[in-house]
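Me: I am new to reading structures and would like a close look at a single part of this one, taken slowly. Please choose the helices and explain how they sit in the rest of the chain, and then add whatever else helps me to place them.

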Amino acid sequence: MAKLPLSFYQNIEVNQLAVQLLGKRLYTCVNGVLTGGIIVETEAYKGVEDKASHAYGGRFTDRTRVMYEQGGLSYVYLCYGIHHLFNVVTAPQGIPHAVLIRGLEPVEGLDVMQERRNMPVLKPNLTAGPGALAKAMGIDRGLNAKDLGGDEIWIEDKGLSFNDDEIVSSPRVGVDYAGDHALLPWRYYVKGNRFVSKPNS
DNA sequence: CGTAAGATTGCCT
DNA sequence: GGCAATCTTACGT
């Protein structure tokens with residue numbers, strides 16, 4: 001195993017980190033069952049500056065507390081009452097940056113994932129999309145604020161990396177009106193991968 | 001095919 | 001009370 005060192009997560013450039021996370025392997029071990037896959041889509045959340053971030057403007061609550069911690073922790077929360085979303089907390093303590101994992105290419109424990117998602121047949125959207133992949137990996141609030149170097153949920157470097165021309169960055173959807181800030185390409189995905197949540201052109 | 005609407009719970013500097 | 005970083009299903013074409 002080659003788990004990512006704590007220092008990896010201390011980078012203050014979330015966008016850079018979001019790119020570096022592509023190709024890494026995310027594993028969870030829930031109830032003694034191992035599942036894992038390759039990260040193929042991420043989205044950077046730039047804490048205080050990012051309107052979509054829970055920590056926008058310096059919001060500090062019980063829920064967002066983890067985001068202000070030192071990088072290398074998990075941040076899991078429930079969205080729309082149904083979906084769990086998994087984030088990687090990054091940057092040194094006090095800076096609430098995070099990277100949302102949006103797409104995963106399943107590698108380990110396929111059958112378990114399909115069972116958890118109630119999908120008898122393997123379809124590309126098994127783990128495409130943040131809510132979907134969290135469910136497939138068995139991630140819920142119980143995995144919040146975990147050390148990503150632990151043995152319940154962790155990230156490994158298997159030496160897989162992508163060239164710049166294999167990585168696509170895109171702005172968020174439906175933000176044309178928001179001015180210069182809206183154009184920042186904070187979403188990254190691997191070109192042509194079937195497990196990206198959006199069709200690539 | 002594509003679009004549209006419903007589900008459902010925690011959070012709230 | 002109103003909203004939220006979404007997914008699935010249903011229906012029309």
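Reply: What follows starts with the whole chain, turns to two of its helices, and ends with a neighbouring segment and the DNA.

Please keep in mind throughout that this is a predicted model. Chain A contains 3 helices and 8 strands, and if you read along the sequence, these elements come in the pattern α-β-β-β-β-β-α-α-β-β-β. The C-alpha trace of chain A spans about 45 × 40 × 35 Å along its principal axes. For 201 residues, a compact globule would have a radius of gyration near 17 Å, and the 16 Å found for chain A agrees with that. Buried residues make up 52% of the 201 residues in chain A. Among the contacts in chain A with a separation of 6 or more, 59% are between residues 24 or more positions apart.

Let us begin with helix 1, which covers residues 14-21. Its buried residues are Val14, Asn15, Leu17, Ala18 and Leu21. These residues cover an arc of only 160° around the axis, which means that they lie on the same side of helix 1. It helps to remember that an α-helix has 3.6 residues a turn, so residues three or four places apart point the same way. What lies over the buried residues of helix 1 includes strand 2 (33-45), strand 4 (83-90), strand 5 (97-108), strand 6 (153-156) and strand 8 (187-190). Just after helix 1 comes Gly23, which takes a positive phi of about 95°.

The segment before helix 1 also deserves a look, and Gln10 has its place there. The side chain of Gln10 reaches the backbone oxygen of Leu6 at 3.0 Å, and the side chain of Gln10 also reaches the backbone oxygen of Gly71 at 3.2 Å. If neighbours within four places in sequence are left aside, Gln10 is in contact with Gln70, Gly71, Ala91 and Pro92.

Helix 3, which covers residues 130-137, has 7 of its 8 residues buried, and therefore it is largely enclosed by the rest of the structure. The buried residues of helix 3 are Pro130, Gly131, Ala132, Leu133, Ala134, Ala136 and Met137. As for what these buried residues pack against, the partners are strand 1 (25-30), strand 2, strand 4, strand 5 and helix 2 (110-116). Just after helix 3, Gly138 takes a positive phi of about 75°.

Finally, the model also holds DNA strand B, which is surrounded by Arg59, Phe60, Thr61, Arg63, Leu78, Tyr80, Gly81, Ile82 and Arg141. Sorted by class, the surface near DNA strand B has 4 nonpolar, 2 polar and 3 charged residues. Of the atoms of DNA strand B within 4 Å of the protein, 57% belong to sugar or phosphate, while the rest belong to bases. An N or O atom in the side chain of Thr61 is 2.2 Å from a phosphate oxygen of DNA strand B. On the base side, a polar backbone atom of Tyr80 is 2.6 Å from a base oxygen of DNA strand B, and a polar backbone atom of Gly81 is 3.2 Å from a base oxygen of DNA strand B.

Technical notes: Residues are numbered from 1 along each chain as its sequence is written. Chains are lettered from A and ligands numbered from 1 in the order in which they are written. This is a predicted model: local features need pLDDT of at least 70, side-chain atom pairs count only at pLDDT 80 or more; totals for chains, interfaces and linings use all residues. Side-chain values use heavy atoms; hydrogens and water are left out. Buried means under 20% relative accessible area, exposed over 50%, partly exposed in between (1.4 Å probe, protein chains only). Helices (H or I, at least four residues) and strands (E, at least two) are DSSP runs, numbered from the N terminus. The arc is that of the directions from the helix axis to the C-beta atoms. Contact means heavy atoms within 4.5 Å. A residue is near a molecule or strand if one of its heavy atoms lies within 4 Å of it. A polar contact is a pair of N or O atoms within 3.5 Å; within protein, one must be able to donate a hydrogen and the other to accept it, and residues adjacent in sequence count only if both atoms are side-chain atoms. Ala, Val, Leu, Ile, Met, Phe, Trp, Tyr, Cys and Pro count as nonpolar, Asp, Glu, Lys and Arg as charged, and the others, Gly among them, as polar. The radius of gyration is taken over C-alpha atoms; the globule rule is 2.2 Å times the number of residues to the power 0.38.
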